[in-house]
Each structure stands twice: as C-alpha cells, then as structure tokens.
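This report describes one protein chain and the ligand it holds. Please keep the sequence and the model in view while reading.

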Amino acid sequence: MANASQRDGRRRFIRLAVSGFVAAPFALATGTARAVDAVPESDPTAAALGYKVDATKAAGRTDKSATCATCNFFSGKSGAPDGPCSVFAGRLVSAKGWCSAYAKKG
Ligand code: SF4
C-alpha cells in the first residue's frame, strides 16, 4: 500500500508526464540528448521540482534523511554516487540529491 508521500510523488510525476513537461523522451527522439546523461539543476524539470545535487541545499526538504538514494523513483545501485530516476526518464541523478517529487522507498 502506497503512503501519502509516494502518492504525492506519483501524482506529481503523472502531472509532469501528461503536461509534456518531461522533455527527455522528446530529446532522445530528436537526438539532442545522450541515452543516459546527468540531470543538471538548470534542467527545466529539475528547476520546477527544486532538484539539487546536494540535498542539504534543497529548499522545501523537511525530512533530513530524504535523498535520491532512498527515493522510490531511484534505481541506482546501493552505494553508487548516482543512478537513474524514473521522474527524469531514467537520466542520472545524484544519490545525495533531492527533489520535491521524492517518495520514500516502501
Ligand atoms: Fe526526485 Fe531524486 Fe526521487 Fe528522482 S530520485 S524523484 S530526483 S528525489
């Protein structure tokens, strides 16, 4: 059973996907992005979600233990410095990062 945080994260992701705000699939289709590249904080979706490579610098982060490494959308290997995030269409995010779509792994 999903908790409120996971439901919020999924809803936010679905809203972004439906609105076309998740630009990576378009970029991949047009060859303007590598298959797996790191998400910069300046990326429009990252900026909209308040993504920070260093979670301690993220405004709005209230759970001090919350980082990408413990997020349900993160599929990086344990201990890896970065890994794919499904909110960013599999692009790499920092394991020590954070964004407002965070949903704690269940
Ligand atoms: Fe946000 Fe990180 Fe979770 Fe991706 S893995 S949704 S960037 S907190």
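## Val-36 and the loop after H2

Val-36 has its place in the loop between helix H2 (24-29) and helix H3 (44-48). The model is a predicted one. With a relative accessible area of 44%, Val-36 is partly exposed, because a residue counts as partly exposed when its value falls between the 20% limit for buried and the 50% limit for exposed.

Val-36 is also one end of a contact between distant parts of the sequence. Its partner is Arg-91: the two residues are 55 positions apart in sequence, while their C-alpha atoms are 5.1 Å apart in space.

## The chain as a whole

The chain contains 3 helices and 2 strands. Read from the N terminus, the order of these elements is α-α-α-β-β. The chain has 106 residues, and 35% of them count as buried.

## The loop between H3 and S1

Ala-58 lies in the loop between H3 and S1, and Ala-59 has its place in the loop between H3 and S1 as well. What is the relative accessible area of Ala-58, and is this residue buried or exposed? The value is 10%, and Ala-58 is therefore buried, since the limit for that class is under 20%. Ala-59 has 70% relative accessibility, so Ala-59 counts as exposed, the limit for that class being over 50%.

Each of these two alanines can be related to Cys-99. Ala-58 and Cys-99 are 41 residues apart along the chain, and 7.4 Å separates their C-alpha atoms. For Ala-59 and Cys-99, 40 residues apart along the chain, the C-alpha separation is 9.1 Å.

## The loop between the strands

Strand S1 (82-84) and strand S2 (92-94) are joined by a loop that includes Ala-89. The phi angle of Ala-89 is near 55 degrees, which is a positive value in a residue other than glycine. Ala-89 counts as partly exposed, at 37% relative accessibility.

## The segment after S2

Lys-96 is found in the segment that follows S2. Its relative accessibility is 64%, so Lys-96 counts as exposed. Lys-96 and Asp-54 lie 42 residues apart in sequence, and the distance from C-alpha to C-alpha is 5.7 Å.

## The cavity

How many cavities of 30 Å³ or more does a search of the whole structure find? The search finds 1. The largest cavity has a volume of about 70 Å³.

The lining of the largest cavity consists of Cys-68, Cys-71, Phe-73, Phe-74, Cys-85, Val-87, Trp-98, Cys-99, Ala-101 and Tyr-102. By class, this lining has 10 nonpolar residues, no polar ones and no charged ones. Two of the cysteines can be followed further. Cys-71 has a relative accessible area of 7% and is therefore buried, and Cys-85, at 8%, is buried too.

## The ligand

Where is the ligand found? The space that the ligand takes up is the largest cavity. The ligand is surrounded by 13 residues, and the closest of them are Cys-68, Cys-71, Phe-73, Cys-85 and Cys-99. The shell around the ligand divides into 13 nonpolar residues, with no polar and no charged residues.

Cys-68, Cys-71, Cys-85 and Cys-99 are thus among the closest residues to the ligand, and they are also listed in the lining of the largest cavity. The structure nevertheless holds 0 disulfides.

How values were computed:
Residues numbered from 1 in each chain as written. Predicted model: local features only at pLDDT ≥ 70, side-chain atom pairs only at ≥ 80, totals over all residues. Heavy atoms only, no water. Disulfide = S-S within 2.5 Å. Buried < 20%, exposed > 50% of the residue type's maximum accessible area, 1.4 Å probe, protein only. Near = heavy atom within 4 Å. 1 Å grid on protein atoms, 1.4 Å probe; cavity = no way out; pocket = protein on both sides within 12 Å on 5 of 7 lines; lining within 4 Å. Sits in = over half its atoms within 2 Å of the grid points. Nonpolar A, V, L, I, M, F, W, Y, C, P; charged D, E, K, R; others polar. Helix = DSSP H or I, 4+ residues; strand = E, 2+ residues; numbered from the N terminus. Points joined across faces, edges and corners; volume = space filled by probe spheres on them.
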